[in-house]
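Student: Could we go through some charged pairs and check why each label applies?

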Amino acid sequence: MRELVLTRHNELIDPLVRVWGWEIPVYLFLGGWVAGMMILVGYFLLRGRNREDTCVCSVLPGTSVVLLSLGMGALFLDLEHKLYVWRLYTTFEVTSPMSWGAWILLLVYPALAAAFALRPPGILRDLFPAVDRLSRRLDTPVGVRGIAAANLVLGISLGIYTGILLSALGARPFWNSAILGPLFLVSGLSSAAAFGHMVARHHEERELLARSDNVFLAIELFVVALFLVGLLSSSQAHVAAARLVLGGPFTASFWVLVVGAGIVIPLMIQLLAVTHRIAHTRVGPLLVMAGGLALRFVIVAVGQVSHWAKV
Amino acid sequence: MARYGMVIDTRKCVGCTDCVVACKTENQVPEGLNRDWIADDLTGSFPTVHLEIRTERCNHCDNPPCVACCPTGASHVDPFGAIVLVTPEMCIGCKACLASCPYDARFVHPDGYADKCTFCIHRVKDGLDPACVSVCPTHCMTFGDLDDPNSEVNRQLASRPPHALMPAAGTEPRIFYLT
């Protein structure tokens, strides 16, 4: 038997760490979703789909800018020393994933803006001739390939960074897994494909996005399994952390919301849709996106509860 | 350059919390928050039980994860004695350092920045011991340079088997407990 009593009762720390509330999971979800959309934009641009009026790649960059700004707004709300946020851009700390993220986010905006400028809405072209001139200047084979490459590279970096942000914190065994980077990346891709599936106007594109979402969901399921196997085959603290979702207090939220409602059920619905047994609906994509959000909420919450043995 | 650390004799510590009060007074730690605290660690089953009373604080680790994860460089290892410090004017309050510390030794100061034990660097620079060490009525704490083989901390470390907290976390803490 062991009983440890502390005289300390610091806010956000005791009795259990809860330094990050709703803001960080929302930021991680929106960041991952935008990362996935950037990768899809890069893919569609490389395939030359931007020439088609109905291409979903003309919708995703503008949506991404809005979502990323909302995510960064959530991140800003989480800061305790808000007036000093500019300090992020006075240095580059090579060992800090948050510092990497701050600089990556600074590069993401121009890449998205360039993708947006390739096919700006007609009203913008009419109101601002400069937008039209910029669009014509960028819309060259070299320009499109450059924008596609920038969106692909920065999308992958952003997606992985959202996972590494947590996995670099070795004090919390549940987060301390390199698998979190790929997990958040593939989850972001899946949310992006689900969103594209919902907003695509071209039937062929909707089919493509639904099929690719099914692949992403299957990979996500596999990566979730790898994540748990990795924890269970590691130190005692990591095994204890894994048990928080394997019979512990977070079992229901993890398996029902994240795996069941967020991966398995939409995968089944979309498998039926792409094999033409049922019509395409918004139920599957909405579940995928809700599952992506639930994944971040559960991982952030479980990680804060997990800890090393006190001695 | 010195590498300051602390040795705490758990046979002498009675958990009186004088060190806690001294720290709060010396450093004007806000109400409800603590830079140091007492841990009563009871193990075993009757009649074979063991009680270790410890005074705990930031371990000023040799491999500090709070410094590695800080995105602005606010958390840093000071050249003076390799003491781990926070520069409030550089801290954005992201709380990554709070999440990265396995000892949960940090907290958010009401003014918004991350705060923690400084080993009373302002006193040490004046040749004094940290406030907690100077007030201890049982003299259970010894502060000094771990790199000086003739220092009192090294004599204490050689006297009985020491242990550090959570060695598996890999942070290489510089506070040692004599059991």
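Tutor: Sure, here come a few salt bridges and the reasoning behind their labels, bearing in mind that this is a predicted model.

Student: What makes D132(A) and R125(A) a salt bridge?

Tutor: Their side chains meet at 2.5 Å, N to O. The cut-off is within 4 Å, so the label fits.

Student: And why is D132(A) called buried?

Tutor: D132(A) has a relative accessible area of 17%, and buried means under 20%, so that settles it. R125(A) comes out at 27%, so R125(A) is partly exposed.

Student: How do you know that D36(B) and R57(B) form a salt bridge?

Tutor: The N to O distance is 3.5 Å, and the limit is 4 Å, so the pair counts. D36(B) sits in strand β2 and R57(B) in strand β3 of chain B, 21 residues apart. D36(B) has 2% relative accessible area, so D36(B) is buried. R57(B) is buried as well, at 2%.

Student: What about D62(B) and R174(B): why say that the pair ties together parts of the chain?

Tutor: They meet in a salt bridge at 2.9 Å, N to O. D62(B) lies in the loop between β3 and α2, and R174(B) in the loop between β9 and β10, so the pair ties together parts that are 112 residues apart in sequence.

Student: Are D62(B) and R174(B) buried or exposed?

Tutor: D62(B) is partly exposed at 36%, while R174(B) is buried at 1%.

Student: Which residues are linked in a network of salt bridges?

Tutor: R2(A), D41(B), E52(B), R54(B) and E56(B). Over all chains, the count comes to 22 salt bridges.

Conventions
Residues numbered from 1 in each chain as written. Chains lettered and ligands numbered in written order. Predicted model: local features only at pLDDT ≥ 70, side-chain atom pairs only at ≥ 80, totals over all residues. Heavy atoms only, no water. Buried < 20%, exposed > 50% of the residue type's maximum accessible area, 1.4 Å probe, protein only. Helix = DSSP H or I, 4+ residues; strand = E, 2+ residues; numbered from the N terminus.
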